[in-house]
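Here are my notes for a colleague who is opening this structure for the first time. Please read them with the sequence and the model side by side.

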Amino acid sequence: MSEQKLWEKILQESSQRDQHPEGNLILVGRKNCGVKHLISVVQKGPGSLGKNSVYSQLIAPDDPIPITSPIHYSHINAKNIEDPQSLKISRINIWTLDQPELKDLLEFSLKPKQLNNTLFGIVLDWSQPWTFMEDLHQWIEIWHEKLGKVLSSLPLDDQDQMVQSVERYMKAYKDPSEETKEEQVDEAIQEVPLPEGVLQVNLGVPIMIICCKSDLIWSVDKSRDQCERILDCTLKSLREFAVTYGASIIYTSSKTGTNLNTFYNYIVHRLYGFKFSQKAQIIDRESIFIPAGWDSPNLIREMDYLGISEKQYNDLLQKPKYRGARKEETPIVSDQDFLVQVQERLSKSVKKAADNVRDLITRPQQISLGSPNDATPNPEMTADPQGANKNKNLQEFYKMLLKKGNKEDADA
């Protein structure tokens, strides 16, 4: 291949790749919620586009993440999975934050010109289900505050366009099994309003609720019946929150691989409009998936969930008083105090050794002398006179050691 044709091919591929703008995925959640492992697995799986892809070199999932970094950055590839022959590709930047007190750092990930290609996700941890609602309300308030500041810098027309985009998506959602012409959908969007209670708060950016470690859901409670009740209670609360903000819900597990492909496909679908064919799934408790636009308050009421109320949710999901054995704290002392303690222990051990020697010296005398009124002779002394001589010699030896030690102490 000539050099000119090679450059033409490179420029052609570059122009095709640039047709998809970069996307932003902002994930927030408490520490050790599983978000870093989730990103790493997606990077090596669907986000890598296969080992034989020429674009797999764009990612480096094995690069260590600095522990001291308050906000973490990584990225995955974005490509239309329905069209494997297409060379159109882009990058999805992933920003993760696990400390609410550092919420101001989210402004680094919020670019006014990229808000129409931004997706916000709240990550929850199934090892601590009692924190779900607290985390959701805390992070949504932070997102509302930071997003509102950036939106205010945009023209009013751009703000209205973002809000209408989310609303149009919610209205246009149809189950993948239903085939509807696009023109008919557009006409329906203009006429039919959203159901009551759906998307009461429209922030102009799609929202996801990601529940990691779904393989742990059956360890929430020892009783199977009680565990099922807790799972129903939790899902009902999540659905009510998600319907209010037009959010989607997905349960994932990096350990078992649950919903990882669905997670990736839904991200690129919401950011780039790629075709998405995954249906909603609310039967299998470990792989729940509820896309935005599918749910409504009427559907939640139809499920009934055994008449679970908000009060019952608080009663069922209470934070344990303690988890595991309590570790004893070891006080830290200075070097001087430590040496004093060592000196005291050594002096006590020397004194104890001296007392043991005195006991050895006096004990043979008590055994050999016995009581004056004791008519029974000592069997050891009578049977083995040579043993008695050995005890006497040992006694004399220890006496000599004690005298020598006392004399050295007196001279000192």
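The numbered points below go through strands, helices, loops and a surface patch in turn.

1. A word of caution comes first: this is a predicted model, and every remark below should be read in that light.

2. I would begin with strand β4, which covers residues 118-125. Eight of its eight residues are buried, so β4 is largely enclosed by the rest of the structure. The cover extends to both faces, with T118, F120, I122 and L124 buried on one side, and L119, G121, V123 and D125 buried on the other. In a regular strand the side chains alternate between the two faces of the sheet.

3. Strand β4 has pairing partners that can be followed residue by residue. Strand β1 (residues 23-28) runs parallel to β4 and is joined to it by five bridges, and within β4 it is G121 that serves as the bridge partner of L27. Strand β5 also pairs with β4 in the parallel sense, here over six bridges. In that pairing G121 stands opposite M208, while L124 stands opposite C211.

4. Is strand β5, residues 207-212, buried or exposed? Six of its six residues are buried, so this strand too is largely enclosed by the rest of the structure. The side chains of I207, I209 and C211 point one way, whereas those of M208, I210 and C212 point the other way, and all of them are buried.

5. From β5 the reader can move on to strand β6, which spans residues 248-251 and pairs with β5 in the parallel sense over four bridges. Within this pairing, I210 of β5 stands opposite I250 of β6. Helix α6 (residues 224-245) belongs to the same part of the account, because β5, α6 and β6 together make a right-handed β-α-β unit.

6. Helix α7 has 13 residues, 260-272, and reaches 18 Å from its first C-alpha to its last, which is close to the 18 Å expected at 1.5 Å a residue. This helix is mostly covered, since 11 of its 13 residues are buried. Among the buried residues are L260, F263, Y264 and I267, and the list also includes H269 and R270.

7. The backbone on either side of α7 deserves a look. Just after the helix, G273 takes a positive phi of about 80 degrees. In the loop between β6 and α7 lies N259, which has a positive phi of about 60 degrees although it is not a glycine. Most residues other than glycine have a negative phi. N259 has a relative accessible area of 14%, and it counts as buried because that value is under 20%.

8. A further residue to check is L199, found in the loop between α5 (182-191) and β5. L199 has a positive phi of about 55 degrees although it is not a glycine, and it is buried, with a relative accessible area of 9%.

9. Finally, which residues form a nonpolar patch on the surface? They are V333, F338 and L339, which together have about 280 Å² of accessible area. L339 has its place in helix α10, residues 335-369, and its relative accessible area of 52% makes it exposed, because the cut-off for that term is over 50%.

How values were computed:
Residues numbered from 1 in each chain as written. Predicted model: local features only at pLDDT ≥ 70, side-chain atom pairs only at ≥ 80, totals over all residues. Heavy atoms only, no water. Patch = residues over 30% accessible without salt bridge, like charges linked within 9 Å, V, L, I, M, F, W, Y side chains within 5 Å. Areas by Shrake-Rupley, 256 points an atom, 1.4 Å probe, with all protein chains shown as cover. Salt bridge = Lys/Arg side-chain N within 4 Å of Asp/Glu carboxyl O. Helix = DSSP H or I, 4+ residues; strand = E, 2+ residues; numbered from the N terminus. Buried < 20%, exposed > 50% of the residue type's maximum accessible area, 1.4 Å probe, protein only. Expected span 1.5 Å × (residues − 1). Pairing = 2+ DSSP bridges.
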